[in-house]
Amino acid sequence: MSLPPFDYLAPGSTAELAGLLAAHRDRCRILAGGTDLVNWMAEKIYRPDYVIDLRKLPLAGITYEKGRGLTIGAAATIEAIERSPLVRQYYYALVQAAGQIGSPQIRAMATIGGNCCNASPCADMPPPLVTLGATVVLTSARGSRELPLETFITGNRQTAIQPDEFLERVHVPDPWPNSACRYSPFGLRAAQEIDIASVAVNIAIDPATGLVSNARIAMGAVAPFAMRAPGAEALLVGKKPDADALDGAAAQCSRECRPIDDLRASASYRRHIVGVLARRMLRDAVAAITG
Amino acid sequence: MKRVIELDINGGAYDVVISPQDLLIDVLRQKLDLTGTKKGCGQGDCGTCTVLIDGRRALACLTLAIACEGRRILTIEGMEKNGVLHPIQQAFIDKGAVQCGYCTPGMVLSAKALLDENPAPTEHEIKLGISGNLCRCTGYVKIVDAVRDAAGRLQAGADSGKGA
């Protein structure tokens with residue numbers, strides 16, 4: 001296997017990166033971890049004239065500030081997210097998602113920016129990020145704009161990014177008070193697996209009333225992108241989070257998802273698994289809040 | 001366009017003429033004759049091309065050589081010191097963890113990354129640590145035994161080192 005020829009650029013500042021993107025637009029591809037891009041170039045899916053490597057840029061930081069939330073640089077590796085004590089403390093579903101991606105080698109190379117921009121329907125980071133209300137900051141020579149991840153990913157491997165933009169960072173707001181988030185993928189083996197389905201939940205309970213005050217659910221690999229389950233969320237809000245309510249919401253997730261048949265699983269099996277995962281994750285999250 | 005880059009491999013500096021699209025696995029094997037690192041699937045699934053870059057696991061089949069300038073690369077050839085095998089390598093031999101041998105270099109490097117971070121892993125942690133390395137011969141049991149044995153040897157070495 002060999003790659004088609006290209007020129008390699010490694011800008012030393014984000015301003016330089018923005019300039020290169022403005023100049024080369026569709027003729028270049030951004031290299032972060034390379035775990036997708038190198039394969040796609042080998043398969044001749046992409047034949048860029050320029051590969052622009054992010055490795056010299058300060059885009060790998062992970063910071064948390066109370067009141068402002070979590071900021072993850074686009075080039076932060078999946079391994080760094082998995083191991084971050086800050087992420088583990090406040091956004092546990094992100095640790096669960098990061099820990100499930102690929103293999104230890106892939107996690108040491110792959111980045112959150114790549115996972116979001118390549119926008120695979122079965123990507124592991126988007127479902128929990130969507131339930132946490134994450135936004136992405138897109139930067140170009142024209143300036144920066146911030147939009148919800150939920151609207152950034154527009155379809156199967158499609159995003160709202162423009163050819164002169166790069167994803168600079170992912171921002172996750174402070175967790176809701178008295179809340180917990182949980183994520184589980186489901187595949188046929190534990191490592192190096194592509195998910196059949198996945199479910200992320202983020203739920204908050206009002207300590208005064210014991211009722212669900214907020215709920216978000218996102219489902220992966222059962223639609224072209226991480227898909228919210230608004231019907232199931234509505235079934236939970238204002239209710240007591242007992243077994244009946246959680247089971248009802250989980251069943252609604254099964255109804256709301258839009259899976260396809262493919263070589264990994266049938267649509268009906270995916271639908272069933274979504275219900276199972278949703279019930280488990282809701283119970284786990286509620287147990288984490290109520291102890 | 002060809003260019004000359006300097007790569008730091010196993011503590012030595014190598015000047016090598018490469019094209020930007022050259023993959024690290026091919027540069028190691030074909031240009032530098034460091035054929036210990038194996039090329040398997042060529043798409044990041046099998047893990048046999050695992051090397052350590054700045055101490056972290058990396059798949060040489062998905063890494064551009066040109067992106068490795070200024071970084072420390074460790075391959076299987078860099079594990080032995082002064083003709084003495086690394087304790088992980090010796091444990092693989094002593095425990096019979098090698099059959100066809102094709103996965104072994106990657107397994108050894110994954111084991112090194114694991115034990116550098118976690119000197120006393122549980123059996124589950126060992127399995128997670130080598131979960132990105134496929135072996136089609138052994139069924140993994142003897143490989144897990146070897147990594148556990150290597151952990152013991154390294155800890156014993158570290159303890160005796162403290163006493164000396």
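# Fold, core and chain contact in a predicted model

Modeller: Chain A of this predicted model contains twelve helices and 14 strands.

Biologist: What makes the radius of gyration of chain A agree with that of a compact globule?

Modeller: A compact globule with 291 residues would have a radius of gyration near 19 Å, and chain A has 19 Å, so the two agree. The C-alpha trace of chain A spans about 60 × 45 × 30 Å along its principal axes.

Biologist: What share of chain A counts as buried, and what makes a residue buried?

Modeller: A residue is called buried if 20 or more other C-beta atoms lie within 10 Å of its own. In chain A, 51% of the 291 residues count as buried. As for contacts with a separation of 6 or more, 64% of those in chain A join residues 24 or more positions apart.

Biologist: Why is a set of residues called a nonpolar core, and which members of the largest one touch the most others?

Modeller: The term applies because the members are buried residues of nonpolar types joined through C-beta atoms within 7 Å. The largest such core has 145 residues, and A:Ile203, A:Met219, A:Cys253 and A:Ala278 touch the most other members. Helix α12 (residues 267-290) of chain A gives the most to this core, namely eight residues. Beyond its neighbours within four places in sequence, A:Ala278 is in contact with A:Val199, A:Val201, A:Ile217, A:Ala249, A:Ala250 and A:Cys253.

Biologist: How do you know that β11(A) and β12(A) pair, and in which sense?

Modeller: Two strands pair if there are at least two bridges between them. β11(A) and β12(A) (residues 197-205) have eight bridges in the antiparallel sense, so the criterion of at least two is met. A:Pro185, for instance, has A:Ser198 in β12(A) as its bridge partner.

Biologist: In what order do the strands of this open sheet stand, and why are β11 and β14 of chain A at its edges?

Modeller: The four strands follow the order β11-β12-β13-β14 in chain A, with antiparallel pairing. β11 (179-186) and β14 (227-228) of chain A each have a single partner strand, so one side of each lacks a neighbour in the sheet. α12(A) packs on the sheet by touching β11, β12 and β13 (212-220) of chain A, and its direction makes about 30° with that of β12(A).

Biologist: How many residues does each chain bring to the contact between A and B?

Modeller: Chain A brings 23 residues and chain B brings 24. On the side of chain A, α6(A) provides the largest share, with five residues. By class, that side has 14 nonpolar, six polar and three charged residues.

Definitions and conventions: Residues are numbered from 1 along each chain as its sequence is written. Chains are lettered from A and ligands numbered from 1 in the order in which they are written. This is a predicted model: local features need pLDDT of at least 70, side-chain atom pairs count only at pLDDT 80 or more; totals for chains, interfaces and linings use all residues. Two residues are in contact if their C-beta atoms, placed from the backbone, lie within 7 Å. Ala, Val, Leu, Ile, Met, Phe, Trp, Tyr, Cys and Pro count as nonpolar, Asp, Glu, Lys and Arg as charged, and the others, Gly among them, as polar. A residue is buried if 20 or more other C-beta atoms lie within 10 Å of its own, exposed if 12 or fewer, and partly exposed in between; C-beta atoms are placed from the backbone. Axes are lines fitted to C-alpha atoms, for helices over the stretch in contact, and angles run from 0 to 180 degrees between N-to-C directions. The radius of gyration is taken over C-alpha atoms; the globule rule is 2.2 Å times the number of residues to the power 0.38.
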